[in-house]
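Grab a coffee and work through these exercises with the structure open beside you. Try each task before reading its solution.

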Amino acid sequence: MTNATLSSWSQWDEIHGLSDQVKRQKSASEKKNTPVSIDRSNATGTFKGSAKSNYVTTLSSCNCVDFSRRHLPCKHMYRLAHELSLFSLGAVSSGHVVTRDEAISKITQVLSEDEIATFAYFCYHCGNNQASSELFPSDFANRLIKNRLAEEVSDIPTLLTHLRMNDIRKFLPAGVKSPSKKVDLISLVAPNVAREEIIFPDNMKCLTLHSDIAHLGHSIHRRLCALYPKPEQELWFVL
């Protein structure tokens, strides 16, 4: 495979952890998205289209509606990358449901004890339905994303909650008075804010639990607290 081919796919490296992208990775693994044909020498694929014509897919583009609208990898591009062994759909492709013990095993392998304490606290707040999100340093965040322990949040209102009021006010149109409550301010500005406009200090990333383990948040938290007890923990944290 040529360097140009590898480069065309590596341009997307920073966005695979976004929740919207994870959804497309899951769709990519479904049987109905099996490619019609794969041209390995040219790193292209053909997929069944919604109309009579098929979709022609490369590692940098696809003529489906989703890519035309978003200009980010669609399910066809993820499936092509998977077929070319450039991107692993992992457990998603087999339909396997991750168990608590499998998640714990991975966590203890890839995180230090201090990081595990941080991750346990994160699981507690996210619960079993991705109910919360947290900001993490980019290096730590990237490791969580790479190991499918967390995914990057793309929802604009959620991202704005992690900014200070003064920073959110910068998105107000000229002449518009700022509401006194943060929730009202976010509702006002969110429809006109683009994801790339929201920048957190020190390049931190906003994460929630990965959808693979989102149903295990409380269970993972309890097990990690049992494995790594800390005397200073408050009772509500370990129960």
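**Exercise 1: a glutamate in a strand**

Glutamate 152 has a relative accessible area of 7% in this predicted model. Task: decide whether glutamate 152 is buried or exposed, then list what surrounds it.

Solution.
- Step 1. Buried means under 20% relative accessible area. With 7%, glutamate 152 is therefore buried.
- Step 2. Place it: glutamate 152 belongs to strand β5, which covers residues 150–152.
- Step 3. Look for a polar partner. The side chain of glutamate 152 makes a polar contact with the side chain of arginine 195, at 3.5 Å.
- Step 4. Now the rest of the surroundings, skipping neighbours within four places in sequence. Glutamate 152 touches Glu14, Gly17, Leu18 and Ser19, along with Ile145, Arg195, Lys205, Cys206 and Leu207.

**Exercise 2: the strand next door**

Task: find which strands pair with β6 and say how they run.

Solution.
- Step 1. Start with β6 itself, residues 205–209: five of its five residues are buried, so the strand is mostly covered.
- Step 2. Take β5. Three bridges link β5 to β6, and the two run antiparallel. For a concrete pair, glutamate 151 has threonine 208 of β6 as its bridge partner.
- Step 3. Take β4, residues 134–136. Three bridges tie β4 to β6, again antiparallel. Here leucine 135 sits opposite cysteine 206 in β6.

**Exercise 3: two helices crossing**

Task: describe how α2 and α4 pack, using the angle and the distance between their axes.

Solution.
- Step 1. Packed helices are described by just those two values, the angle between the axes and the distance between them.
- Step 2. Read them off: the axes of α2 (residues 19–28) and α4 (residues 75–83) come within 8 Å and cross at roughly 65°.
- Step 3. Add the handedness: the crossing of α2 past α4 is right-handed.
- Step 4. Name the residues that meet. α2 brings Gln21, Arg24, Gln25, Ser27 and Ala28, while α4 brings Lys75, Tyr78 and Arg79.
- Step 5. Sort them by type: two are nonpolar, three polar and three charged.

**Exercise 4: a serine in a loop**

Task: is serine 88 buried or exposed, and how far is its C-alpha atom from that of tyrosine 78?

Solution.
- Step 1. Find serine 88 in the loop between α4 and α5 (91–94).
- Step 2. The cut-off for exposed is over 50%. Serine 88 has 55% relative accessibility, so it counts as exposed.
- Step 3. The C-alpha atoms of serine 88 and tyrosine 78 are 8.8 Å apart, with the two residues 10 residues apart along the chain.

Conventions
Residues numbered from 1 in each chain as written. Predicted model: local features only at pLDDT ≥ 70, side-chain atom pairs only at ≥ 80, totals over all residues. Heavy atoms only, no water. Axes fitted to C-alpha atoms, helices over the stretch in contact; angles between N-to-C directions. Helix = DSSP H or I, 4+ residues; strand = E, 2+ residues; numbered from the N terminus. Left-handed = near helix turned anticlockwise from the far one by under 90°. Contact = heavy atoms within 4.5 Å. Nonpolar A, V, L, I, M, F, W, Y, C, P; charged D, E, K, R; others polar. Buried < 20%, exposed > 50% of the residue type's maximum accessible area, 1.4 Å probe, protein only. Polar contact = N/O pair within 3.5 Å; in protein donor to acceptor, adjacent residues only side chain to side chain. Pairing = 2+ DSSP bridges.
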